[in-house]
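Student: I have a protein chain to look at and some questions about how its parts fit together. Can we go through them one at a time?

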Amino acid sequence: MVLKHLYHAHGSDGKDYEVHVYVEPANHANAHIERLAKVCLADGGELRVLSKHHYRIVATGVTLETSDPEAV
């Protein structure tokens, strides 16, 4: 598993969070393929992707939003 993206998101609780996106790289027939493996907080906390740029922290229910163009 490889850290592919890291970006900041603002929470509904007024706090700022760091979101990490991990992928699993693979090669197949001379093509480089990446499979989304995990989207989580910097501390490993589980996130649920609600829609592009929107997430929910599973443990607390706090919703997060980012405007980063690289965001999942």
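Student: Which residues does Y22 touch, not counting residues up to four places away in sequence?

Tutor: Keep in mind that this is a predicted model. Y22 lies in strand β2, which covers residues 16-28. Leaving out residues up to four places away in sequence, Y22 touches M1, V2, L3, K4, R35, L36, A37, K38 and C40.

Student: How far apart in space are Y22 and H5, C-alpha to C-alpha?

Tutor: Along the sequence, Y22 and H5 are 17 residues apart. Their separation in space, C-alpha to C-alpha, is 7.2 Å.

Student: With which side chain does the side chain of Y22 make a polar contact?

Tutor: The partner lies in strand β2, and Y22 lies in β2 as well. The contact is 3.4 Å, and the side chain that Y22 meets is that of H20.

Student: Is H20 buried or exposed?

Tutor: A residue counts as buried when its relative accessible area is under 20%. H20 has a relative accessible area of 9%, so H20 is buried.

Student: What does H20 touch, not counting residues up to four places away in sequence?

Tutor: H20 is in strand β2, and its polar contact with Y22 joins two side chains. With residues up to four places away in sequence set aside, H20 touches L3, H5, L6, K38, V39, C40 and A42.

Student: How many helices and strands does the protein chain have?

Tutor: From the N terminus on, the elements run β-β-β-β-β-β. The secondary structure therefore comes to 0 helices and 6 strands.

Student: Which element gives the most to the largest nonpolar core?

Tutor: The largest nonpolar core has 13 residues, and those with the most contacts inside it are V19, L47, Y55, I57 and L64. The elements that give two or more residues to this core are β1 (2-11), β2, β3 (31-41) and β5. With 3 residues, the element that gives the most to this core is β2.

Student: Why would nonpolar side chains be buried together?

Tutor: I can offer a general tendency rather than a cause. In soluble globular proteins, what nonpolar side chains tend to be is buried together.

Student: Which residues is V19 in contact with, leaving aside its neighbours within four places in sequence?

Tutor: V19 is one of the residues with the most contacts inside the largest nonpolar core. Leaving aside neighbours within four places in sequence, V19 is in contact with H5, L6, Y7, A9, V39, C40, L47 and L64.

Student: Where is H53 found, and is H53 buried or exposed?

Tutor: H53 is found in the loop between β4 (47-51) and β5 (54-57). The cut-off for buried is under 20% relative accessible area. H53 has 17% relative accessibility, so H53 counts as buried.

Student: What is the phi of H53?

Tutor: Most residues other than glycine have a negative phi. H53 is a residue other than glycine, but its phi is positive, near 75°.

Student: Which residues is H53 in contact with, leaving aside its neighbours within four places in sequence?

Tutor: H53 belongs to the loop between β4 and β5. Once neighbours within four places in sequence are left aside, its contacts are L64, E65, T66, S67, D68, A71 and V72.

Student: How far apart in space are E65 and H10, C-alpha to C-alpha?

Tutor: E65 lies in strand β6, residues 63-65. Outside its neighbours within four places in sequence, E65 is in contact with A9, H10, H53 and H54. E65 and H10 are 55 residues apart in sequence, while the C-alpha to C-alpha distance is 5.4 Å.

Student: What does E65 count as at 47% relative accessibility?

Tutor: Buried means under 20% and exposed means over 50%. At 47%, E65 fits neither, so E65 counts as partly exposed.

Student: What separates the C-alpha atoms of L50 and T60?

Tutor: L50 is in strand β4 and counts as partly exposed at 40% relative accessibility. Along the chain, L50 and T60 are 10 residues apart, and their C-alpha atoms are separated by 15 Å.

Student: What percentage of the residues of the protein chain count as buried?

Tutor: H20 and H53 are among the buried residues. Of the 72 residues of the protein chain, the buried part is 26%.

Conventions
Residues numbered from 1 in each chain as written. Predicted model: local features only at pLDDT ≥ 70, side-chain atom pairs only at ≥ 80, totals over all residues. Heavy atoms only, no water. Helix = DSSP H or I, 4+ residues; strand = E, 2+ residues; numbered from the N terminus. Buried < 20%, exposed > 50% of the residue type's maximum accessible area, 1.4 Å probe, protein only. Contact = heavy atoms within 4.5 Å. Polar contact = N/O pair within 3.5 Å; in protein donor to acceptor, adjacent residues only side chain to side chain. Core = buried A, V, L, I, M, F, W, Y, C linked by side-chain atoms within 4.5 Å.
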